[in-house]
Amino acid sequence: MTVNIGIYIFDNVEVLDFCGPYEVFTCASRVHGGENPLFNVFTVAESLNSVLARAGLSVKPDYALSGHPQLDCLVIAGGVVSDELLKNNVIQWIDEQSKEVKIIASVCTGAFLLAKTGMLDGKSATTHWEDISDLRAMFPRISVAERLRWVDEGNIVSSAGISAGIDMSLHLVERLHGRELAERTARQLEFDWTENQPQTGLN
(Lines give C-alpha, C1' and ligand atoms only; values in the text may rest on other atoms or scores of the structure.)
Protein backbone atom coordinates (compact mmCIF):
# COMPACT_ATOMS: atom_id res chain seq x y z
CA MET A 1 0.00 0.00 0.00
CA THR A 2 1.31 3.45 -0.92
CA VAL A 3 2.22 5.71 2.01
CA ASN A 4 1.27 9.38 1.61
CA ILE A 5 4.02 11.73 2.78
CA GLY A 6 3.10 15.41 3.01
CA ILE A 7 5.79 18.06 3.54
CA TYR A 8 4.61 21.44 4.82
CA ILE A 9 6.37 24.45 3.26
CA PHE A 10 5.99 28.20 3.67
CA ASP A 11 7.65 31.50 2.79
CA ASN A 12 11.25 31.54 4.05
CA VAL A 13 11.36 27.76 4.38
CA GLU A 14 14.91 26.36 4.39
CA VAL A 15 15.43 24.66 1.02
CA LEU A 16 17.18 21.50 2.21
CA ASP A 17 14.69 21.15 5.08
CA PHE A 18 12.01 20.13 2.59
CA CYS A 19 14.05 19.03 -0.43
CA GLY A 20 16.13 16.64 1.70
CA PRO A 21 13.16 14.60 2.97
CA TYR A 22 11.50 14.86 -0.47
CA GLU A 23 14.55 13.33 -2.11
CA VAL A 24 14.89 10.60 0.52
CA PHE A 25 11.31 9.36 0.20
CA THR A 26 11.13 9.61 -3.60
CA CYS A 27 14.49 7.88 -3.92
CA ALA A 28 13.33 5.14 -1.55
CA SER A 29 10.35 4.55 -3.84
CA ARG A 30 12.63 4.25 -6.88
CA VAL A 31 14.97 1.88 -5.07
CA HIS A 32 12.05 -0.19 -3.81
CA GLY A 33 10.49 -0.50 -7.26
CA GLY A 34 7.17 -2.22 -7.87
CA GLU A 35 4.08 -1.36 -9.85
CA ASN A 36 2.84 1.20 -7.32
CA PRO A 37 5.15 3.67 -5.57
CA LEU A 38 5.96 2.86 -1.96
CA PHE A 39 5.78 6.56 -1.03
CA ASN A 40 3.62 9.25 -2.59
CA VAL A 41 5.43 12.47 -1.67
CA PHE A 42 3.99 15.96 -2.09
CA THR A 43 4.23 19.47 -0.70
CA VAL A 44 1.48 21.25 1.22
CA ALA A 45 1.27 24.99 1.90
CA GLU A 46 -1.24 27.39 3.38
CA SER A 47 -2.50 28.13 -0.13
CA LEU A 48 -1.64 27.21 -3.70
CA ASN A 49 0.30 30.45 -4.16
CA SER A 50 4.00 30.00 -4.86
CA VAL A 51 6.21 29.80 -1.78
CA LEU A 52 9.42 31.82 -1.76
CA ALA A 53 12.00 29.75 0.06
CA ARG A 54 15.15 31.13 1.66
CA ALA A 55 17.71 32.36 -0.89
CA GLY A 56 14.89 33.13 -3.32
CA LEU A 57 13.86 29.70 -4.63
CA SER A 58 10.24 29.81 -5.83
CA VAL A 59 8.23 26.63 -5.22
CA LYS A 60 4.71 25.79 -6.40
CA PRO A 61 2.97 23.72 -3.69
CA ASP A 62 1.13 20.59 -4.73
CA TYR A 63 -1.75 21.15 -2.32
CA ALA A 64 -3.21 23.71 0.06
CA LEU A 65 -4.28 22.99 3.64
CA SER A 66 -7.64 21.90 2.32
CA GLY A 67 -7.98 19.36 -0.45
CA HIS A 68 -4.79 17.36 0.02
CA PRO A 69 -4.83 13.55 0.14
CA GLN A 70 -5.13 11.88 3.50
CA LEU A 71 -1.70 11.81 5.09
CA ASP A 72 0.13 8.90 6.65
CA CYS A 73 3.18 10.98 7.57
CA LEU A 74 3.56 14.75 7.83
CA VAL A 75 6.94 16.47 7.79
CA ILE A 76 7.10 20.09 8.94
CA ALA A 77 10.10 21.81 7.38
CA GLY A 78 12.01 24.56 9.12
CA GLY A 79 13.25 28.00 8.19
CA VAL A 80 12.11 31.39 9.43
CA VAL A 81 8.96 30.34 11.29
CA SER A 82 8.04 33.55 13.11
CA ASP A 83 5.14 34.35 10.77
CA GLU A 84 3.90 30.75 10.73
CA LEU A 85 3.69 30.70 14.52
CA LEU A 86 1.12 33.51 14.33
CA LYS A 87 -1.18 31.69 11.89
CA ASN A 88 -3.91 30.00 13.90
CA ASN A 89 -5.21 28.14 10.84
CA VAL A 90 -1.80 26.59 10.21
CA ILE A 91 -1.28 25.59 13.85
CA GLN A 92 -4.78 24.13 14.00
CA TRP A 93 -4.18 22.15 10.81
CA ILE A 94 -0.92 20.74 12.16
CA ASP A 95 -2.67 19.78 15.39
CA GLU A 96 -5.51 18.08 13.50
CA GLN A 97 -3.11 16.18 11.25
CA SER A 98 -1.11 14.98 14.25
CA LYS A 99 -4.18 13.09 15.42
CA GLU A 100 -4.64 11.39 12.02
CA VAL A 101 -1.15 10.50 10.80
CA LYS A 102 1.06 7.61 11.84
CA ILE A 103 4.06 9.90 12.24
CA ILE A 104 4.46 13.67 12.39
CA ALA A 105 8.01 14.94 12.06
CA SER A 106 9.88 18.22 12.04
CA VAL A 107 13.14 19.41 10.56
CA CYS A 108 15.12 22.19 12.24
CA THR A 109 12.84 25.03 13.42
CA GLY A 110 9.77 23.12 12.28
CA ALA A 111 9.84 21.89 15.88
CA PHE A 112 8.55 25.31 16.96
CA LEU A 113 5.35 24.73 14.96
CA LEU A 114 4.87 21.34 16.58
CA ALA A 115 5.54 22.90 19.98
CA LYS A 116 2.97 25.64 19.37
CA THR A 117 0.21 23.01 19.27
CA GLY A 118 1.24 21.66 22.68
CA MET A 119 1.94 18.18 21.33
CA LEU A 120 5.55 18.30 22.52
CA ASP A 121 4.71 19.17 26.14
CA GLY A 122 6.31 16.61 28.42
CA LYS A 123 8.27 15.08 25.52
CA SER A 124 11.78 15.33 24.17
CA ALA A 125 12.54 17.17 20.93
CA THR A 126 15.39 18.86 19.14
CA THR A 127 16.03 21.61 16.60
CA HIS A 128 18.94 23.43 14.97
CA TRP A 129 21.71 24.10 17.49
CA GLU A 130 21.33 27.88 17.06
CA ASP A 131 17.67 27.66 18.13
CA ILE A 132 17.99 25.35 21.13
CA SER A 133 17.88 28.17 23.69
CA ASP A 134 14.89 29.84 22.02
CA LEU A 135 12.94 26.57 21.94
CA ARG A 136 13.62 26.08 25.64
CA ALA A 137 12.66 29.64 26.51
CA MET A 138 9.45 29.69 24.47
CA PHE A 139 8.29 26.18 25.37
CA PRO A 140 9.66 25.29 28.81
CA ARG A 141 7.55 22.12 29.10
CA ILE A 142 9.63 20.45 26.39
CA SER A 143 12.79 18.51 27.22
CA VAL A 144 15.02 19.94 24.49
CA ALA A 145 17.83 17.57 23.48
CA GLU A 146 21.17 18.86 22.25
CA ARG A 147 23.71 17.32 19.89
CA LEU A 148 21.40 14.61 18.55
CA ARG A 149 20.59 14.22 14.87
CA TRP A 150 16.99 13.34 15.68
CA VAL A 151 14.70 12.49 18.59
CA ASP A 152 12.11 9.74 18.18
CA GLU A 153 9.10 9.97 20.51
CA GLY A 154 7.00 7.35 18.76
CA ASN A 155 4.46 9.17 16.63
CA ILE A 156 6.45 12.43 16.90
CA VAL A 157 9.97 12.69 15.52
CA SER A 158 12.08 15.86 15.42
CA SER A 159 15.47 16.50 13.87
CA ALA A 160 18.26 19.00 14.20
CA GLY A 161 19.10 21.42 11.43
CA ILE A 162 19.13 21.08 7.67
CA SER A 163 21.16 17.96 6.74
CA ALA A 164 19.94 16.21 9.91
CA GLY A 165 16.54 16.11 8.23
CA ILE A 166 17.99 13.68 5.70
CA ASP A 167 19.26 11.42 8.48
CA MET A 168 15.85 11.58 10.15
CA SER A 169 14.05 10.83 6.88
CA LEU A 170 16.17 7.72 6.36
CA HIS A 171 15.22 6.75 9.91
CA LEU A 172 11.57 7.22 8.94
CA VAL A 173 12.06 5.02 5.87
CA GLU A 174 13.42 2.38 8.22
CA ARG A 175 10.41 2.75 10.50
CA LEU A 176 7.86 2.74 7.69
CA HIS A 177 9.38 -0.07 5.64
CA GLY A 178 12.62 -1.50 6.97
CA ARG A 179 16.32 -1.10 7.59
CA GLU A 180 17.43 -2.63 4.31
CA LEU A 181 15.54 -0.11 2.19
CA ALA A 182 16.86 2.77 4.28
CA GLU A 183 20.44 1.58 3.80
CA ARG A 184 19.93 1.03 0.06
CA THR A 185 18.40 4.50 -0.23
CA ALA A 186 21.34 6.12 1.55
CA ARG A 187 23.72 4.29 -0.76
CA GLN A 188 21.78 5.39 -3.84
CA LEU A 189 21.93 8.98 -2.60
CA GLU A 190 25.66 8.56 -1.89
CA PHE A 191 24.85 9.91 1.54
CA ASP A 192 26.81 8.95 4.63
CA TRP A 193 23.84 8.14 6.86
CA THR A 194 24.73 9.27 10.36
CA GLU A 195 23.34 7.12 13.13
CA ASN A 196 21.76 8.96 16.02
CA GLN A 197 25.03 9.68 17.78
CA PRO A 198 25.73 12.86 19.75
CA GLN A 199 27.04 15.59 17.46
CA THR A 200 30.34 17.25 18.27
CA GLY A 201 31.79 20.60 17.42
CA LEU A 202 28.51 22.53 17.75
CA ASN A 203 28.32 25.68 19.81
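## Helix α1

How many residues does helix α1 have, and how far does it reach from its first C-alpha to its last? In this predicted model, α1 covers residues 15-32, which gives it 18 residues, and its reach is 26 Å. That is close to the 26 Å expected at 1.5 Å a residue.

A good number of its side chains are worth a look in your viewer. Buried residues in α1 include Asp17, Phe18, Gly20, Pro21, Val24 and Phe25. Further along the helix, Thr26, Cys27, Ala28, Ser29 and Val31 are buried as well. Just after α1 comes Gly33, with a positive phi of about 75°.

## The sheet

Now for the sheet. It is open, has 7 strands and mixed pairing, and its order is β5-β2-β1-β6-β7-β11-β10. The edges belong to β5 (63-64) and β10 (150-152); each has a single partner strand, so one side of each is left without a neighbour in the sheet. Helix α2 packs on this sheet, where it touches β1 (3-8), β2, β6 and β7, and its direction makes about 145° with that of β6.

As a reminder, strands of a sheet pair through backbone hydrogen bonds, either parallel or antiparallel. Which way do β6 and β7 run relative to each other? Strand β6 (residues 73-76) and β7 run parallel, joined by 4 bridges. Along this pairing, Cys73 stands opposite Ile103, and Leu74 stands opposite Ile104. Together with helix α2 (residues 88-98), these two strands make a right-handed β-α-β unit.

## Strand β7 and its surroundings

Why is strand β7 described as largely enclosed by the rest of the structure? Strand β7 spans residues 103-107, and 5 of the 5 are buried, so the rest of the structure largely encloses it. Its side chains point two ways: Ile103, Ala105 and Val107 point one way, while Ile104 and Ser106 point the other, and all are buried.

Besides β6, strand β7 also pairs with β11 (residues 156-159): 4 bridges join β7 to β11, and the two run parallel. One of the pairs here is Val107 with Ser159 as its bridge partner in β11. Helix α3 (residues 110-117) lies across β6, β7 and β11, and runs at about 130° to β7.

## Two serines to compare

Is Ser169 buried or exposed? Ser169, found in helix α5 (residues 164-176), has a relative accessible area of 0% and is therefore buried. A polar atom of its side chain lies 2.7 Å from the backbone oxygen of Gly165. Not counting residues up to four places away in sequence, Ser169 touches Pro21, Val24 and Phe25. Those three residues take us back to α1, where Pro21, Val24 and Phe25 are among the buried ones.

Ser47 sits in the loop between β2 (39-45) and β3 (51-52). Because its relative accessibility is 29%, Ser47 counts as partly exposed. Its side chain reaches the backbone nitrogen of Asn49 at 3.2 Å. Leaving aside neighbours within four places in sequence, Ser47 is in contact with Pro61, Tyr63 and Ala64. If you would like to place this loop relative to Glu174, Ser47 and Glu174 are 31 Å apart in space, C-alpha to C-alpha, and 127 residues apart in sequence.

Methods
Residues numbered from 1 in each chain as written. Predicted model: local features only at pLDDT ≥ 70, side-chain atom pairs only at ≥ 80, totals over all residues. Heavy atoms only, no water. Expected span 1.5 Å × (residues − 1). Buried < 20%, exposed > 50% of the residue type's maximum accessible area, 1.4 Å probe, protein only. Pairing = 2+ DSSP bridges. Right-handed = clockwise from strand over helix to strand, strands pointing away. Contact = heavy atoms within 4.5 Å. Polar contact = N/O pair within 3.5 Å; in protein donor to acceptor, adjacent residues only side chain to side chain. Axes fitted to C-alpha atoms, helices over the stretch in contact; angles between N-to-C directions.
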